[in-house]
Protein chains: 2
Amino acid sequence: MTPPSDLIPSFDLASETEKAIFQAALEVFSRKGKDGARMQEIADQAGINKAMLHYYFRSKDLLYTSVFAHVMSSFFSKLESVMAKPGPFLDRLEEMVGVYIDMHAAQPEVARLWVQENLNGAPVARQILQQGLQTGAGPGPHILLERVRKAVDDGELQPVEPIQLMISILGMTVMFFISQPTMTALDPAISADTAAFLNRRKQHIIQVLRHGISQ
Amino acid sequence: MTPPSDLIPSFDLASETEKAIFQAALEVFSRKGKDGARMQEIADQAGINKAMLHYYFRSKDLLYTSVFAHVMSSFFSKLESVMAKPGPFLDRLEEMVGVYIDMHAAQPEVARLWVQENLNGAPVARQILQQGLQTGAGPGPHILLERVRKAVDDGELQPVEPIQLMISILGMTVMFFISQPTMTALDPAISADTAAFLNRRKQHIIQVLRHGISQ
DNA sequence: CGAGCGATTAACTAAATGGTTGAAACAAAT
DNA sequence: ATTTGTTTCAACCATTTAGTTAATCGCTCG
């Protein structure tokens, strides 16, 4: 069933079922949180028997940790690669906003899972970070912070506290995916054509970041 | 024990225990979500016997719905009263950002509960809205949307899609309270003096909204 | 005092949940 | 065909969980 898609010898010889479990777990955990999720629901969503969950991942805790760690490191590395590029900071920022929104549009569960973890006090995130060795996750968001500091020093930006800007960018890009039910209830145009809405969203964020909204 | 604090005949003769339950439920639900929360944990946090939860609120569902509905309507009414005031839109906005952040600083659980509900697909919020009759909740966020439309028409703002601006404001003000563990891990200065950080946050948001960050 | 009544509690129940197991199905190798 | 190893599953177990109950506390009022 599972053709060895490429010959890269590294990790992840994931079988179809393993991938199905992974995706189902991501969806359920991101909606209900670690404690709210039910193993049976994950199994149903993956279309497999509950025993398989424990066959591939030993326990609920391990399943959650695996999903969270994997998903975060893949997101971070993408982020880094964008921010590491050279060029004017605001252009980098513009690309980052675009990429970030596209990533979340393709997989909104990732942001939701990250929020769930934070609402819960981020115990698993802490544990992963302390083990450290994880996937060589590297500097992660620190790159963005450093880049902002440099841009301010170089006079590219008005003086801005890096962490403040980071929270603002994160908030503007991610908030929609976190509050989608409320927002679509407020404005039906969103669900009518979500892709178009998200394109307008990118432009809006860039506009605000560059020039603000005052006339 | 519970002195009839004022003679307003309306609702809410809540006893001390009822208030304790309410607050404890808010805290636990906001961390774990409706399904993740345990009635025992709520009881422990409130310092009472678990049976009292069912004595005052009949079931877990009813407790959650009560807490969510109450908390949302009180937040909305505050919001409305700020936006309804006259004066230049950007001044209103500035006041709103300040009030909003202060409210969340005083009770971060409210935003967290709202996010939990949204992550879960907002079934309870929907149900409450359909019943409608609830607390005369009124127009709620629509006031903000209308106000933005008017400000654009009057030439006070650059052309902005109201819902986009609303998401941006919400994102910038609320995101910190949702992602506090991650943010404090990234910048220890935050936990050193959170009040000062939040004041800088207000100024930053206003700066971005008014003029953006480009030099 | 003591009858009445709301508030409170420990002990209990039925159902749901995380996790286990032993056997069966399946595939590839010998 | 037999073996060997992996994948899959139904049935099962122990614990946890929402919800109940019946008894008790503590107050107020006659």
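**Two DNA strands, two chains and their salt bridges**

Helix 3 of chain A gives the largest share of the surface near DNA strand D, namely four residues. Here a residue is near a strand if one of its heavy atoms lies within 4 Å of it, and helices (H or I, at least four residues) are DSSP runs numbered from the N terminus. The model is a predicted one, so to speak of local features takes pLDDT of at least 70 and side-chain atom pairs count only at pLDDT 80 or more, while totals for chains, interfaces and linings use all residues. Residues are numbered from 1 along each chain as its sequence is written, chains are lettered from A and ligands numbered from 1 in the order in which they are written, and side-chain values use heavy atoms, with hydrogens and water left out.

Around DNA strand D there are 14 residues, with Asn49(A), Met52(A), Tyr55(A), Lys50(B) and Lys60(B) the closest. Sugar and phosphate make up 58% of the strand D atoms that come within 4 Å of the protein. Several polar contacts (a pair of N or O atoms within 3.5 Å; within protein, one must be able to donate a hydrogen and the other to accept it, and residues adjacent in sequence count only if both atoms are side-chain atoms) involve the phosphates. The side chain of Asn49(A) puts an N or O atom 3.3 Å from a phosphate oxygen of strand D, and for the side chain of Tyr55(A) that distance is 2.8 Å. Lys60(B) uses a polar backbone atom instead, 2.7 Å from a phosphate oxygen of strand D. Two elements, helix 3 (50–56) of chain A and helix 3 (50–56) of chain B, give two or more residues to this surface. Its makeup is seven nonpolar, four polar and three charged residues, where Ala, Val, Leu, Ile, Met, Phe, Trp, Tyr, Cys and Pro count as nonpolar, Asp, Glu, Lys and Arg as charged, and the others, Gly among them, as polar.

DNA strand C is likewise surrounded by 14 residues, and the closest are Lys50(A), Lys60(A), Asn49(B), Met52(B) and Tyr55(B). Of its atoms within 4 Å of the protein, 64% belong to sugar or phosphate and the rest to bases. Tyr55(B) has a polar side-chain atom 2.5 Å from a phosphate oxygen of strand C, and Arg38(A) has one at 3.4 Å from a phosphate oxygen. Lys50(A) goes for a base: an N or O atom of its side chain is 2.5 Å from a base oxygen of strand C. The elements giving two or more residues here are helix 3 of chain A and helix 3 of chain B, and the largest share, four residues, comes from helix 3 of chain B.

Turning to the protein chains, 61 residues of chain B are in contact (heavy atoms within 4.5 Å) with 61 residues of chain A. About 5,700 Å² is buried between them, 59% of it from carbon and sulfur atoms; buried area is the accessible area (1.4 Å probe) that two parts lose on being put together, summed over both. Four salt bridges (a side-chain nitrogen of Lys or Arg within 4 Å of a carboxyl oxygen of Asp or Glu) are counted between chain B and chain A. One pairs Asp35(A) with Lys32(B), whose closest N and O atoms are 2.7 Å apart. Polar contacts link 27 residue pairs between the chains (both at pLDDT 80 or more). On the chain B side, helix 9 of chain B supplies the largest share, 13 residues, and the residues there divide into 28 nonpolar, 21 polar and twelve charged.

Gln164(A), in helix 9 (residues 162–178) of chain A, counts as buried because its relative accessibility is 1%; buried means under 20% relative accessible area, exposed over 50%, and partly exposed in between (1.4 Å probe, protein chains only). Neighbours within four places in sequence aside, Gln164(A) is in contact with Phe197(B), Arg200(B), Arg201(B) and His204(B).

Over all chains, the structure holds 22 salt bridges. Among them, Lys34(B) and Asp61(B) meet at 2.8 Å, N to O, linking helix 1 and helix 4 (residues 60–84) of chain B across 27 residues. Both partners are partly exposed, Lys34(B) at 22% relative accessibility and Asp61(B) at 41%. Glu95(B) bridges to Arg92(B), with the closest N and O atoms 2.6 Å apart; the two sit three residues apart in helix 5 of chain B, about one turn of the helix. Arg92(B) is buried at 9%, whereas Glu95(B) is partly exposed at 25%. In chain A, Lys85(A), Arg92(A) and Glu95(A) are linked in a network of salt bridges.
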